[in-house]
Amino acid sequence: LGFLGGVTEAIDAHHAVTASLGDRFLYCRMGHIDNGRVADSVLNREAGSIERSGLRDHVTEFISGVGVETSGGLQLDEKEWLKCAANMAALARSAIERDNHLREIVIVYTPESSGRLVASLGQLYKALINIGCCQRESRRLIAKVATDCIPNDRSRILEMLGNHSEGLLAADMRKDVDVDHPERAVYRTLEDMECLRIVYRTKVESVGKGRPAEKWQISQQFEYQWSQLKCYK
């Protein structure tokens, strides 16, 4: 591990700049945290310091017992799976640049090469095996990290579309765990992924006021890569 940092979701607001210059990090996003539990943790901080002290001892014992295996390489099926995970994440996090004022797409960059990602995911995979994770658990964690490397607004929508093979309207993808996203923001995210050929749209019957409705679906090629990771969720 070279560097471990914690940031807020605001990092996704700078995705276009980071991705266009070449993202150097892997991401592991925290799941939903109940606010009541957070408040209880803060109010019980004194007791928590004792628990942290015990946790520190456990981590120290764990690290001292880890032996680094240098022999043996990845199996062919492991290499193919890691390549699929890296290809999926690299494409899905590739940069799209929009005009700062009009918010129209102005540049579609060449999709990111998966070389850097597959090397990093491969290192992480071998490390997980090294500390005792079974192959399935290691793949589950790699699948999470690969998905978390995708900007949250994209991965959230891909999760929804992956669960609805018949497609969804942009308005159907507004609701998240804690908030409702603006339909326009959802539409822009879909447009970005359409330019990368990750999703596509089809016209359906109008939905009031004469507006044509569009259903969105995951493209066939991307769906295969996505499914290879989601089966380990």
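Here are a few notes on the aromatic pairs and the small sheet in this predicted model.

1. Let's start with the rings. The count of aromatic pairs comes to 3. One of them joins tryptophan 81 and tyrosine 232 edge-to-face, with 5.4 Å centre to centre and 80 degrees between the planes. This pair links distant parts of the chain: tryptophan 81 belongs to helix α4 (residues 76-92), while tyrosine 232 is in the segment after α9 (220-230), 151 residues apart.

2. Are these two residues buried or exposed? Tryptophan 81 is buried, with a relative accessible area of 5%. Tyrosine 232 also counts as buried, because its relative accessibility of 15% falls under the 20% cut-off.

3. Another pair worth a look is phenylalanine 222 with tryptophan 226, which is stacked at 6.2 Å centre to centre, with 25 degrees between the planes. Both residues lie in helix α9, 4 residues apart, or about one turn of the helix. Phenylalanine 222 and tryptophan 226 are both buried. Tryptophan 226 has a further partner: the charged end of lysine 230 sits over its ring, 4.7 Å from the centre.

4. Now to the sheet. It is open and has 3 strands in the order β3-β5-β4, with antiparallel pairing. At the edges are β3 (168-169) and β4 (199-204), each pairing on one side only. β3 pairs with strand β5 (residues 213-218) over 2 bridges, and leucine 169 stands opposite lysine 215 in β5.

5. Finally, do look at helix α7 (residues 152-162), which lies across β3, β4 and β5 and runs at about 90 degrees to β5.

Methods
Residues numbered from 1 in each chain as written. Predicted model: local features only at pLDDT ≥ 70, side-chain atom pairs only at ≥ 80, totals over all residues. Heavy atoms only, no water. Phe/Tyr/Trp six-rings, centres within 6.5 Å; stacked < 30°, edge-to-face > 60°. Buried < 20%, exposed > 50% of the residue type's maximum accessible area, 1.4 Å probe, protein only. Lys NZ or Arg CZ within 6 Å of the ring centre and 35° of its normal. Pairing = 2+ DSSP bridges. Contact = heavy atoms within 4.5 Å. Axes fitted to C-alpha atoms, helices over the stretch in contact; angles between N-to-C directions.
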